[in-house]
Amino acid sequence: QVELVESGGGSVQTGGSLRLSCTGSRFPYRINLMGWFRQAPGKEREAVAVIETTGGNTVYVDSVKGRFTISQDNTKAVNTVYLQMNSLKAEDTAMYYCAAGFSTLYRASLREEDFGYWGQGTQVTVSS
């Protein structure tokens, strides 16, 4: 059974930082995408940042560019990705989900349909 486990969420003040972590294992099929999505109350889920795990290319939603950084740790036995979030804003408040998937183009993608595996989510709350 696929395991995608997020950690690192919490509450922080505006301008603060948080680092989310995600480990993934037991994928029945090959994956080359790992990413972070978020969903705020009353809003649709949106892609935040994605990394293509073989080449390392990344893509970000415009609202987080320059503030968030996705990275991976290839030294670990399980797929591990991080999301470093700096200069947090109130509008970053959401449940953050780790996801894994596959791109036939071997290119990072913000398309939700490329992702078939999802974690349970970790809450990020930013307050002034």
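Which residue forms a salt bridge with Lys-65? Keep that one in mind for a moment, everyone, and have a look at the structure above. One thing before we start: this is a predicted model. Now, the partner is Asp-62, and the closest N and O atoms of the two residues are 2.9 Å apart. Asp-62 counts as exposed, because its relative accessibility is 60%.

Let's stay with salt bridges for a little while. The whole count comes to eight. One of them joins Glu-3 and Arg-26, with 3.4 Å between the closest N and O atoms. Glu-3 sits in strand β1 and Arg-26 in the loop between β3 and β4, so this pair ties together parts that are 23 residues apart in sequence. How open are these two to the outside? Glu-3 is partly exposed, with a relative accessible area of 35%, while Arg-26 counts as exposed at 56%.

Another salt bridge brings together the side chains of Asp-114 and Arg-111, at 2.8 Å from N to O. Is Asp-114 buried or exposed? Asp-114 is buried, because its relative accessible area is 15% and the cut-off for buried is under 20%. Its partner Arg-111 counts as partly exposed, at 45% relative accessibility. And salt bridges can also join up into a network: here Arg-38, Glu-46, Arg-67 and Asp-92 are linked in that way.

Next, the strands. As a reminder from the textbook, strands of a sheet pair through backbone hydrogen bonds, either parallel or antiparallel. In our model, four strands make an open sheet, and if you walk across it you meet β1, β3, β8 and β7 in that order, with antiparallel pairing. The strands at the edges are β1, residues 3-7, and β7; each of them pairs on one side only. If we ignore direction, neighbouring strands in this sheet are turned by 15° against each other on average. Let's zoom in on β1 and β3: they run antiparallel and are joined by five bridges. If you want to find one of those on the screen, go to Ser-7, whose bridge partner in β3 is Ser-21.

Right beside Ser-21 in the numbering is our next stop, a cysteine. How many disulfides does the count give? The answer is one. This disulfide joins Cys-22 to Cys-98, with 2.0 Å from S to S. The two cysteines come from distant parts of the chain: Cys-22 belongs to strand β3 and Cys-98 to strand β9, and they are 76 residues apart. The angle about the S-S bond is -80°, and the link is left-handed. Cys-22 and Cys-98 are both buried.

That takes us inside. In soluble globular proteins, nonpolar side chains tend to be buried together. Here, the largest nonpolar core has 29 residues, and the members that touch the most others are Met-34, Trp-36, Leu-83, Met-85 and Tyr-96. Several strands supply at least two residues each to this core, among them β3, β4, β5 and β11. Which strand gives the most? That would be β9, with four residues. There is also a second, separate core of seven residues, including Phe-37, Ala-47, Val-50 and Ala-99.

Hold on to Phe-37, because it comes back in our last topic, the aromatic rings. A pair of aromatic rings is described by the distance of the centres and the angle of the planes. In the whole structure, the search finds five such pairs. One of them is Phe-27 with Tyr-117, a tilted pair with 5.3 Å from centre to centre and 55° between the planes. Phe-27 lies in the loop between β3 and β4, and Tyr-117 lies in strand β10, so the pair ties together parts that are 90 residues apart in sequence. Both of these residues, Phe-27 and Tyr-117, are buried.

Now for Phe-37 and Trp-118. Their ring centres are 4.8 Å apart and their planes are at 65°, so this pair is edge-to-face. Phe-37 is in strand β4 and Trp-118 is in strand β10, so parts 81 residues apart in sequence are tied together here. Phe-37 is buried, with a relative accessible area of 0%, whereas Trp-118 is partly exposed at 26%. Add Phe-115 to these two, and you have one aromatic cluster.

That's my tour. Thanks for listening, everyone!

Definitions and conventions. Residues are numbered from 1 along each chain as its sequence is written. This is a predicted model: local features need pLDDT of at least 70, side-chain atom pairs count only at pLDDT 80 or more; totals for chains, interfaces and linings use all residues. Side-chain values use heavy atoms; hydrogens and water are left out. A nonpolar core is a set of buried Ala, Val, Leu, Ile, Met, Phe, Trp, Tyr and Cys residues joined through side-chain atoms within 4.5 Å. Buried means under 20% relative accessible area, exposed over 50%, partly exposed in between (1.4 Å probe, protein chains only). A disulfide is a pair of cysteine sulfur atoms within 2.5 Å. Two strands pair if DSSP finds at least two bridges between them. Axes are lines fitted to C-alpha atoms, for helices over the stretch in contact, and angles run from 0 to 180 degrees between N-to-C directions. A salt bridge is a side-chain nitrogen of Lys or Arg within 4 Å of a carboxyl oxygen of Asp or Glu. Rings of Phe, Tyr and Trp (its six-membered ring) pair if their centres lie within 6.5 Å; planes under 30 degrees apart count as stacked, over 60 as edge-to-face and the rest as tilted.
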